[in-house]
Amino acid sequence: MSKPNKSETKRCDEAKSLPIFQHKAKLIQAVKDNVFLVVTGETGSGKTTQLPQYLYEAGLWKAGKIGVTQPRRVAAITVAQRVSHEMRCTLGKEVGYQVRFDDCTSQDTVVKYMTDGCLLREILADPRLSHYSVVILDEAHERSLNTDILLGLLKKTLLDVHKASKGRSVPLRVVVMSATLETGKLSAFLGHCPVFTIPGRTFPVTSRFGSAIGPKDVDSSSYVNEVVRVALDVHSGEMAGDILVFLTGQSEIEKACDMLYEKAENIDYRYDVQDQTVEGLLILPLYGSMPTDQQRQIFQPPPPGIRKSEAQQRAGRAGRTSAGKCFRIYTNEFWEKCMLEYTVPEIQRTSLTAVVLTLKCLGVHDVIRFPYLDRPEERLILEALKQLYQCDAIDRRGRVTQLGELMVEFPLHPGLTRALLKAASFGCEDILLPVAAMLSVENIFIRPGHPEKQKEADKKHRRLAAKAGGMNDFATLLSVFQWCKASDSPSAWCKDHWIHWRALKSAFSIETQLREILQRLQQKRDFPVETFTGKKSELFRRCLCTGYFSNVARRSVGKIFSTMDGHGTAVHVHPSSSLFEQEAELDWVIFHDMMVTSRVYLRTVCPIRYEWVKDLLPKLHEVDAYELSNIAREEVNEEELAKLESKEAKRQKEGSDEDMAKKLEKRNDEASVGDARARYLQRKLQRQQHTTTTL
DNA sequence: AGCATCCAT
C-alpha cells in the first residue's frame, strides 16, 4: 500500500463529508435551471472546491469552460492545486489557473480558476465569453473592484435576453458565491435570482473583548505585540486546542512568528496565507497533534479598517468543529465607537479612470447608468471621464479613440500609459517602461523603524537620488531600476541601498510584460509615430507631461503648492522626494500621486516648465463631463445643450495667455452650477435605478 | 520639518 493512495482515499472521504456533498444533485439542477444563481455557505462548506467539480461531473464543461474567479492570486492558485489533486489530474490539464505572470492552463483546461482581473481581461478579447458554459464569481462579498465590474457586466449582458442568445448557442450561466450577509442584495441585483444556501454545521462561539486597545488607540500600529501576548496567555491558560490568529499582512505575520519563536520555542506553529477569507492566518497547534474536534480559539486584532461584519465572520471560524472561543484584543468600547459595520466597496473609494476606459471599450458608453451593485459617487465617474478625455483616450463625445483602444491593453493607470505611448511614438520607450513598472509596485524604498537605521536608509536614498541627477523623482526610479538590473547581484545591491528586492523583482516582471504588450501593439499600422523637436534633455519630462498634465501644481507661497485641477488644493512636497527642501527653486511641477496624512503631500515629483503644459491645461476645463458619458445628449434638452456649447466656445476663445491660476479660480463658480445639475441628474438616476432593481 | 493598508491587470 503506497502513501499517495491512502491520502487520496482520505481526501475523497473528506470531500464527501463536506456539508455541500448532501446538496450535490440539487445544486447542479439549480445551476442548470437558472441564468443567475447566488450560492452561500460558511467558509469550509466546500463551495469553492466542490461546486466546480460537481458541474464538471454533470458534464457542463462540454458546452464550455467552467470559470471560477477569486479576488486574490494565492487563492486562485492554491484552490486550483487542491481541486486538480482531488480530481486526480495534472495541474494545468483539465484543471488549471491563470493569474498575472502565471498562466497554468492548456487546451485541455475545462475547470479554470483565475483572478477576477484576469477574467475582465478575457472579456475584453471575447465580450460574450463564448468559451465558457458557466462563470462562478467567488468571494463576491469582498466587493473587489473587478468582481463588482464583472457583476455589472454580466447582469447587463445576460439580463438582456436578446443579446444573450446572440452569438451564443448555449446561454452563459453565472453563479455568484458570497457570505450570507450580502445574498439578499446580490439576488435583488440579479433580477431576484434564487439563493442556494448550504447549511453549515456550526457550534456556539463565545466572544470576549480585550483591555489593551481602546478608542484612543485607533492608530496603534504595534497591535502585533498585543496579539502575541494574548496568544501566549491562551496557550498557557486555556484548554488544549488550535489557535487561529488573524493578521493584516505578510510583514505582520513574519513579525508575530519571530516574536513567538523568541518567547516560546516549544510552540509548533506555521502560517498559511492560503485561507481565502483573511490576508494571513497563523495556526498554532498547542500540543503537537490534536484531535479534530478540539475546542478552537480565535482572536482578532483591530487592523486598520477591519469592520464588524468581517470580525463576526471570522469569529464564526472558531465554531466549525466544536464550540469555540473568540478573543478580541480590542475593548468593547472600541467595537462600539471605532468600528464600522461594513467596508465601503472598493469601487466607491478608488480612481475609476482605468475601469471606465475598460467599460467604454466593451461598448458601455453610458458609464453613469451602468448597473453598479453600489453606485460610486457621480463625481468620481465624471472625474474619470475627464481624465480619459484629457489623455486622449476618448473624444469629446465620449467615444473611445484609436489611442484609447491601444491604452486599454496596458495594466496601468491611463495617464501613465499615455506618457508611455508618447515616449514610444518618439522611439524612446526604454526610458518610460521602467518608470511605469516602478510606479506600479509598492514603495521600493525601505524605511526601517529603528532611528539609527532610518537615518542610514534615508542617507542612502538621498545619495541615489543625487546620483540620478537630483530634482526628479521619476528619474530616480528609472536609475534605480537600471542600476539594480545591471548589478552583478541585484538582491545584494538592493540590500545595500535599502531597496525592497521583492518590489524590484516585480517591477522587472511588469516591465517585461509592458514591453511585450507595446511590441505587439507597435506591429499595428495605426501605431502613432512622431518626431521630437525639442531639447533632448527635456524629452523625458515632456513625455511625462503628456500623461500627467492633470497632475500639475504651481508654487504659490513659500513651500506651498496649489494644484491646477480646478480645486486649487494646497499641497506640500513629500519629505521623501528629492525636491523636498528645494521648493524655493521650483515653480511648476508634475506629480505621480497625492497622499493625505498630516498634510496633503505630493509623492514622486518632477519640475517642469510652464510652456510644456500651457497648451494642454485648457483641456482640463473645456469639456462637459456629462457629454463624455453620453448622458448629455439623452438627458439635457436642446436649449440647455445650445447654452453649453456657446459656453464652451467662449472658453476656447479665452485663449491661454491669461494667468492660468486666476482663470481656474474663476471657474469655481461655474463648477457650482455644474454641481447643482449633477445633483438633479443624480436624483433622477437613483429613481431610475430603483425602478430597475424592483422590476 | 517629518513620511505608513491591502489586493489586482
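**Exercise 1. Helix 22**

Task: In this predicted model, find which residues of helix 22 are buried, and decide whether the helix is enclosed or open.

Solution: Start with the cut-off, since buried means under 20% relative accessible area. By that test Leu-539, Phe-540, Cys-543 and Leu-544 are buried, and the list continues with Cys-545, Thr-546, Gly-547 and Tyr-548. Next, set these against the length of the helix, which covers residues 539–548: 8 of the 10 residues are buried, so helix 22 is largely enclosed by the rest of the structure.

**Exercise 2. The surface near DNA strand B**

Task: Describe which residues surround DNA strand B and which atoms make contacts with its bases and phosphates.

Solution: First, take the surroundings. There are 19 residues around DNA strand B, and the closest are Arg-73, Arg-447, Met-595, Thr-597 and Ser-598. Of the strand atoms that come within 4 Å of the protein, 60% belong to sugar and phosphate. By type, the surface near DNA strand B has 7 nonpolar, 6 polar and 6 charged residues. Helix 5 (residues 116–125) gives the most to this surface, with 3 residues.

Then turn to single contacts. Arg-73 places a backbone N or O atom 2.7 Å from a phosphate oxygen of DNA strand B. Pro-411 has a backbone N or O atom 3.4 Å from a base nitrogen of the strand. Arg-447 instead uses a polar side-chain atom, which lies 2.4 Å from a base nitrogen.

**Exercise 3. Two positive phi values**

Task: Locate Phe-101 and Leu-129, and state whether each is buried or exposed to some degree.

Solution: Most residues other than glycine have a negative phi. Phe-101 has a positive phi, near 70°, and sits in the loop between strand 3 and strand 4. Its relative accessible area is 44%, so Phe-101 is partly exposed. Leu-129 also has a positive phi, near 50°, and belongs to the loop between helix 5 and strand 6. With a relative accessible area of 1%, Leu-129 is buried.

**Exercise 4. Aromatic pairs**

Task: Classify the pair Phe-209 and Tyr-330 and the pair Trp-501 and Phe-508.

Solution: The whole structure holds 11 aromatic pairs. Phe-209 and Tyr-330 are 6.2 Å apart centre to centre with 55° between the planes, a tilted pair. These two residues are 121 residues apart in the chain. For Trp-501 and Phe-508 the centres are 6.3 Å apart and the planes stand at 70°, so this pair is edge-to-face. Finally, Lys-485 lies over the face of Phe-508, 5.1 Å from the ring centre.

Note on methods
Residues numbered from 1 in each chain as written. Chains lettered and ligands numbered in written order. Predicted model: local features only at pLDDT ≥ 70, side-chain atom pairs only at ≥ 80, totals over all residues. Heavy atoms only, no water. Buried < 20%, exposed > 50% of the residue type's maximum accessible area, 1.4 Å probe, protein only. Helix = DSSP H or I, 4+ residues; strand = E, 2+ residues; numbered from the N terminus. Near = heavy atom within 4 Å. Polar contact = N/O pair within 3.5 Å; in protein donor to acceptor, adjacent residues only side chain to side chain. Nonpolar A, V, L, I, M, F, W, Y, C, P; charged D, E, K, R; others polar. Phe/Tyr/Trp six-rings, centres within 6.5 Å; stacked < 30°, edge-to-face > 60°. Lys NZ or Arg CZ within 6 Å of the ring centre and 35° of its normal.
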